[in-house]
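Visitor: I am new to reading protein models. Could you walk me through this one, one question at a time?

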Amino acid sequence: MAFSRGDKVEVCSKQEGFVGSYYAATVIKNYGNEYAVQYKNLVAEDDQSRPLIETVGENELRPRPPKVLATGFHALDVVDAFDNDGWWVGKISGRKGSDSYYVLFDAYGVEISYPTSRLRPHLEWVNGKWVSSK
């Protein structure tokens with residue numbers, strides 16, 4: 001899929017320690033099979049008052065997923081949890097009170113509690129369509 005300047009995207013990190021995380025960004029330049037993106041929530045290391053800009057491969061980008069109203073989750077639902085300025089893929093492992101859930105991140109062996117407001121159903125971008133991972 002080709003992206004254009006101004007397109008709102010998510011960058012899927014391939015860096016060790018960040019695999020399985022997605023970060024909101026905007027395309028600022030198309031170089032063919034690579035794109036310059038400006039992150040919404042990440043800042044430059046040398047000047048934390050400026051948004052981080054980097055060049056990423058087309059295989060690391062996807063459109064931002066549609067907003068899905070989730071009124072609740074069930075055990076083992078695959079979700080994205082917003083943490084550390086990005087969305088991290090995990091599975092619901094339990095419920096905590098009336099509006100929070102425990103999320104297990106298999107890749108890291110960590111379980112963390114999140115309020116529903118910081119969770120969304122995980123969707124995959126497959127052949128130009130959003131697909132639920134249930």
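Guide: Let us begin with strand S6. This is a predicted model. In it, 5 of the 6 residues of S6 are buried, so the strand is largely enclosed by the rest of the structure.

Visitor: Which strand pairs with S6 over 6 bridges?

Guide: Look for a strand that runs antiparallel to S6. Phe-82 stands opposite Trp-87 in that partner. Asp-80 has Val-89 as its bridge partner there. The strand is S7.

Visitor: Which residue in the hairpin of S6 and S7 takes a positive phi?

Guide: This hairpin has 2 residues between the strands. One residue there has a positive phi near 50°. That residue is Asn-84.

Visitor: How many bridges join S6 to S10?

Guide: S6 and S10 run antiparallel. Asp-80 stands opposite Arg-120 in S10. The count of bridges joining the two strands is 3.

Visitor: How far apart are the closest N and O atoms of Asp-80 and Arg-120?

Guide: Side chains of opposite charge can pair when their charged atoms come close. Asp-80 and Arg-120 form a salt bridge, and the limit for one is 4 Å. Their closest N and O atoms are apart by 2.8 Å.

Visitor: How many residues apart in sequence are the parts that this pair ties together?

Guide: Asp-80 lies in S6, residues 78-83. Arg-120 lies in S10, residues 119-121. So the pair ties together parts whose separation in sequence is 40 residues.

Visitor: Are Asp-80 and Arg-120 buried or exposed?

Guide: A residue counts as buried under 20% relative accessible area, and as exposed over 50%. Both Asp-80 and Arg-120 fall in one class. They are buried.

Visitor: Which residues are linked with Asp-80 and Arg-120 in a network of salt bridges?

Guide: The network holds four names, and Asp-80 and Arg-120 are among them. The others are Glu-10 and Arg-62.

Visitor: What is the N to O distance in the salt bridge of Asp-83 and Arg-118?

Guide: Asp-83 lies in S6, and Arg-118 sits in the loop between S9 and S10, so this pair ties together parts that are 35 residues apart in sequence. The two side chains meet in a salt bridge. The N to O distance is 3.7 Å.

Visitor: Is Arg-118 buried or partly exposed?

Guide: Start with Asp-83, which is buried because its 18% relative accessibility is under the 20% limit. Arg-118 has a relative accessible area of 31%. That value is between 20% and 50%, so Arg-118 is partly exposed.

Visitor: Which residues is Asp-83 in contact with, leaving aside its neighbours within four places in sequence?

Guide: Arg-118 is one of the contacts of Asp-83. It is also the salt-bridge partner of Asp-83. The full list is Trp-88, Ile-112, Tyr-114 and Arg-118.

Visitor: Which residue stands opposite Lys-91 in S8?

Guide: S7, residues 86-96, pairs with S8, residues 100-105. The two strands are antiparallel, with 5 bridges. Opposite Lys-91 in S8 stands Leu-104.

Visitor: Which residue takes a positive phi in the hairpin of S7 and S8?

Guide: Here 3 residues lie between the strands. The phi in question is near 70°. The residue is Gly-97.

Visitor: What is the bridge partner of Tyr-22 in S7?

Guide: S2 covers residues 21-30. It pairs with S7 in the antiparallel sense, over 2 bridges. The partner of Tyr-22 is Trp-87.

Visitor: Is Asp-46 exposed or buried?

Guide: Asp-46 and Arg-50 meet in a salt bridge at 3.1 Å, N to O. Arg-50 is partly exposed, at 38% relative accessibility. Asp-46 has 68%, over the 50% limit, so it counts as exposed.

Visitor: How many salt bridges does a search of the whole structure find?

Guide: You have met several by name. Among them are the pair Asp-46 and Arg-50 and the pair Asp-80 and Arg-120. The search of the whole structure finds 7.

Visitor: Which domain does the UniProt annotation give for residues 1-69 and 71-127?

Guide: Residues 1-69 are 0% helix and 51% strand. Residues 71-127 are 0% helix and 63% strand. The unreviewed UniProt entry annotates both spans as Agenet.

Key:
Residues are numbered from 1 along each chain as its sequence is written. This is a predicted model: local features need pLDDT of at least 70, side-chain atom pairs count only at pLDDT 80 or more; totals for chains, interfaces and linings use all residues. Side-chain values use heavy atoms; hydrogens and water are left out. Buried means under 20% relative accessible area, exposed over 50%, partly exposed in between (1.4 Å probe, protein chains only). Helices (H or I, at least four residues) and strands (E, at least two) are DSSP runs, numbered from the N terminus. Two strands pair if DSSP finds at least two bridges between them. UniProt positions are given in the numbering used here, feature names are shortened, and annotations may be inferred rather than shown by experiment. Contact means heavy atoms within 4.5 Å.
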